[in-house]
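This report looks at how aromatic rings are arranged in one protein model. Please have the sequence and the 3D view open while reading.

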Amino acid sequence: MFFNTQSLNELEQRYRAHLINSLSGFKSANLLGTVDNKGQENLSIVSSVFHLGANPALLGMIIRPHSVPRHSFENLLETGFYTLNHVSEEIVTQAHQTSARYEKKQSEFTETGLTAEYLNDFKAPFVKESKIKMGLKLVSEQVIELNQTHLVIGELIALHCPDSVIQADGFIDIEAANTVAITGLDSYHTTSKINRLSYAKPDSKPKPLVTL
């Protein structure tokens, strides 16, 4: 099967969305936790989180165009704080349900049976059922002119995860936390690690790393 620009543009809308969203392969699955200044909590699943830098610790996230109400996005702009919580296999169905178009006054925590958890006075709610939880401070928000999506950049200022998933060299074994991945818009996957390899150098071949 072959597609060019014309044939892609002629595809039925939902077919095209599934096709293009699947092309980038496995993506991270996180729950975006927020609260507004009146205490209204919201939660939404996102699959566009990516690493931007380690010092300072920055994570990027793409939010779709603000052409319809996006409560979690509006909340994080209002307060400047939000959480990202890994989706594990145990909460996949509840996490997926947060993508439903609830009214702002409805908390997805309540509607899906997930639990809002406030830790160490952080201003936004974490997901209690998640094993790896990140608290972020908004440092930049930009509109990408090509398609009106929003690039949100946050600085990691709080991290909660089990001791058992952090290896001696700092590597986080997300499989040990039962974290899942997403492909497309609605397909969830568990993963199986092939190997960790040594730092690549021109004069040597990569070697398997001993599990630490």
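How many aromatic pairs does a search of the whole structure find? In this predicted model, the search of the whole structure finds two aromatic pairs.

## The edge-to-face pair

One aromatic pair is formed by Phe81 and Phe122, whose ring centres are 5.8 Å apart and whose planes stand at 90° to each other, an arrangement that is edge-to-face. Phe81 belongs to strand S6 (residues 81-86), while Phe122 lies in the loop between strand S7 (116-117) and strand S8 (126-127), so this pair ties together parts that are 41 residues apart in sequence.

## The tilted pair

Phe122 also pairs with Phe126, and here the ring centres are 5.5 Å apart with the planes at 45°, so the pair is tilted. Taken together, Phe81, Phe122 and Phe126 form one aromatic cluster.

## Buried or exposed?

Residues under 20% relative accessible area count as buried. Phe81 therefore counts as buried at 16% relative accessibility, and Phe122 likewise counts as buried, at 10%. Phe126 has 0% relative accessibility and so counts as buried.

## A charge over a ring

Another contact with an aromatic ring involves Arg196, whose charged end sits over the ring of Phe171, at 4.0 Å from the centre of that ring.

Conventions: Residues are numbered from 1 along each chain as its sequence is written. This is a predicted model: local features need pLDDT of at least 70, side-chain atom pairs count only at pLDDT 80 or more; totals for chains, interfaces and linings use all residues. Side-chain values use heavy atoms; hydrogens and water are left out. Rings of Phe, Tyr and Trp (its six-membered ring) pair if their centres lie within 6.5 Å; planes under 30 degrees apart count as stacked, over 60 as edge-to-face and the rest as tilted. Helices (H or I, at least four residues) and strands (E, at least two) are DSSP runs, numbered from the N terminus. Buried means under 20% relative accessible area, exposed over 50%, partly exposed in between (1.4 Å probe, protein chains only). A charge sits over a ring if NZ of Lys or CZ of Arg is within 6 Å of the ring centre and within 35 degrees of the ring normal.
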